[in-house]
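Me: I should like to study a protein chain by question and answer. Please show the sequence and the structure before we begin.

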Amino acid sequence: MALDKTKYQVKKSLAEMLNDSSIDQLMAIDKSWNIISWNRTSEIVSQVLRSEVMGKNLLDIFPQIKEDQEMMAAIESALLGLKSFVPADRKKFNRQHFENHFIPLKDVSGNVIGAMNIIHDVAHRIDAERQLERLNNELEKKYQQLKLASEELSTLTFITSKNIKEPIRQIYTTVEFMIKSEGRSLSDSGKANLRRMQSSLNRMNLLLDDMLGISQINTFQKIKTLIDFNKIVQLTLAELKDRIQVAEAKINVNDLPSFPAYPDMLHFLFVHLLDNSLKFQYPGRTPEITISCAVQNVKEDHIPGLLENEYWVFSFLDNGRGFEPSEAETIFMMFEKLDTANKMRGSGIGLAICRKIMNAHDGFISAIGIPEGGSVFNCYFPVETESV
């Protein structure tokens with residue numbers, strides 16, 4: 001009998017030692033809400049000694065708990081045999097940076113005899129969350145400032161470009177009038193100089209067009225909608241109808257899919273790629289362009305920068321001038337032109353914008369060229385679950 005009493009005392013001492021070793025505040029009450037356990041950490045944090053609370057009613061010692069309905073409900077739930085949790089709340093007593101866990105205490109028969117309260121200090125986590133919240137707020141403020149600056153720059157570029165185009169048009173028209181009205185009195189070199197002036201004005205005008213194109217990227221609709229790409233192609237063909245008829249081009253369009261995308265961006269993309277295929281042709285050759293689409297599984301090592309995934313791959317195949325394989329990346333760089341010797345129309349910005357459009361769709365654009373044998377531009381759009 002004495003041995004059993006000694007074992008009980010050892011177990012009790014061990015339990016008290018474990019309680020006092022915990023970094024959490026541990027407190028327990030019986031079904032009458034009287035405190036039956038109060039560990040060393042509870043003493044240190046609350047500055048209330050164990051001898052001052054043992055056997056006394058919890059609500060008499062800490063009447064502020066009555067004002068916290070969430071805490072009261074959690075304690076009552078634990079006394080009914082249910083585990084409960086109360087998160088930290090900077091406005092509530094003993095919850096400013098503490099989260100409370102309530103666990104039913106049961107005897108060997110499974111009857112609830114009280115509730116244990118584990119009070120865990122989460123001050124470090126709350127501080128981290130507050131710091132993260134401050135950083136997010138600062139980041140959001142910086143983003144809004146950057147967005148506003150970008151919109152203002154786009155507006156300035158648009159207005160400036162539009163205002164400059166009109167004087168250029170007037171100068172070009174004046175030069176043309178001079179050539180026609182004063183042509184007889186002008187020397188051949190004088191006429192040539194005026195034509196070179198007109199050529200320079202044309203290049204300036206094209207550059208302004210592309211600057212306008214860049215400024216419009218920020219004005220494109222940024223909400224994805226379900227797009228029927230067959231309709232996008234039909235709109236593109238309608239816009240380029242006159243150019244297609246003049247070139248007597250043959251346009252082949254395979255059946256295309258529908259999936260969410262940015263409509264304004266797609267319209268620019270398709271117009272520019274088709275216009276590009278019409279533009280870079282040999283004199284006398286009938287342009288033939290095929291637009292098709294297929295699903296392709298792309299590996300990262302196959303196309304650097306793309307995640308391994310399935311992609312809708314739109315291909316624009318033409319029989320035009322083509323280009324050297326080594327120039328496949330150069331054509332997407334801003335202001336880069338490959339066909340400068342032939343003075344082909346364009347400033348070299350359009351394809352750079354096309355790449356930005358594909359980046360906005362989490363995709364990619366690549367080009368394959370065969371000198372004098374045509375080219376193919378491939379646009380990779382990630383396949384989404386809602387694609388149809």
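The questions and replies below move from the whole chain to single residues and then to charged pairs.

Me: What is the mean pLDDT of the chain?
Reply: This is a predicted model, and pLDDT expresses the predictor's confidence in each residue, from 0 to 100. In this chain 84% of the residues reach 70 or more. The mean pLDDT of the chain is 83.

Me: Over which residues does pLDDT stay under 50?
Reply: Where pLDDT is low, the predicted coordinates should not be read in detail. One such stretch has 13 contacts beyond four places in sequence in the model. The stretch with pLDDT under 50 covers residues 340-346.

Me: How many helices and how many strands does the chain have, and what share of its residues counts as buried?
Reply: The chain has eleven helices and twelve strands. Its accessible surface comes to about 23,400 Å², of which 56% belongs to carbon and sulfur atoms. Of the 388 residues, the share that counts as buried is 38%.

Me: Which residue shares a polar contact with the side chain of Asp 24?
Reply: Asp 24 lies in the loop between α1 (2-21) and β1 (25-30). Beyond four places in sequence, its contacts include Asn 39, Thr 41 and Ile 118. The side chain of Asp 24 is joined by a polar contact of 2.6 Å to that of His 120.

Me: How far from Asp 24 is the nearest side chain of opposite charge?
Reply: Asp 24 is buried and yet has no salt bridge. A salt bridge requires a side-chain nitrogen of Lys or Arg within 4 Å of a carboxyl oxygen of Asp or Glu. The nearest side chain of opposite charge belongs to Arg 125, and its distance from Asp 24 is 11 Å.

Me: Is Ser 42 buried or exposed?
Reply: Ser 42 lies in helix α2 (residues 40-46), and a polar contact of 2.7 Å joins its side chain to that of Asn 39. Leaving aside neighbours within four places in sequence, Ser 42 is in contact with Gln 25, Leu 26, Gln 47 and Val 48. Its relative accessible area is 1%, and the cut-off for burial is under 20%. Ser 42 is therefore buried.

Me: What separates the C-alpha atoms of Ser 42 and Leu 26?
Reply: Ser 42 and Leu 26 stand 16 residues apart along the chain. They are nevertheless in contact. Their C-alpha atoms are separated by 6.5 Å.

Me: Is Gln 47 buried or exposed?
Reply: Gln 47 is found in the loop between α2 and α3 (50-53). Its phi is near 65°, a positive value in a residue other than glycine. The relative accessible area of Gln 47 is 66%, so this residue is exposed.

Me: What is the phi of Trp 33?
Reply: The place of Trp 33 is in the loop between β1 and β2 (35-38). At 13% relative accessibility, Trp 33 counts as buried. Although Trp 33 is not a glycine, its phi is positive, at about 70°.

Me: Which residues does Asn 276 touch, not counting those up to four places away in sequence?
Reply: Asn 276 is placed in helix α10 (residues 263-279). It has a relative accessible area of 11% and is therefore buried. The residues that Asn 276 touches are Leu 351 and Phe 377.

Me: With which residue does Glu 99 form a salt bridge?
Reply: The closest N and O atoms of the pair are 3.4 Å apart. The pair links distant parts of the chain, with Glu 99 in strand β4 (residues 98-106) and its partner in helix α6 (residues 123-181), 26 residues apart. Glu 99 is buried, with a relative accessible area of 10%, whereas the partner counts as partly exposed at 37%. The partner of Glu 99 is Arg 125.

Me: Which residue forms a salt bridge with Arg 243?
Reply: The closest N and O atoms of this pair are 2.0 Å apart. Arg 243 lies in helix α9 (residues 241-247), while its partner lies in helix α10, 32 residues apart. Arg 243 counts as partly exposed at 36% relative accessibility, and the partner counts as buried at 11%. The partner of Arg 243 is Asp 275.

Technical notes: Residues numbered from 1 in each chain as written. Predicted model: local features only at pLDDT ≥ 70, side-chain atom pairs only at ≥ 80, totals over all residues. Heavy atoms only, no water. Contact = heavy atoms within 4.5 Å. Helix = DSSP H or I, 4+ residues; strand = E, 2+ residues; numbered from the N terminus. Buried < 20%, exposed > 50% of the residue type's maximum accessible area, 1.4 Å probe, protein only. Lys, Arg positive; Asp, Glu negative; His and termini not counted. Polar contact = N/O pair within 3.5 Å; in protein donor to acceptor, adjacent residues only side chain to side chain. Areas by Shrake-Rupley, 256 points an atom, 1.4 Å probe, with all protein chains shown as cover.
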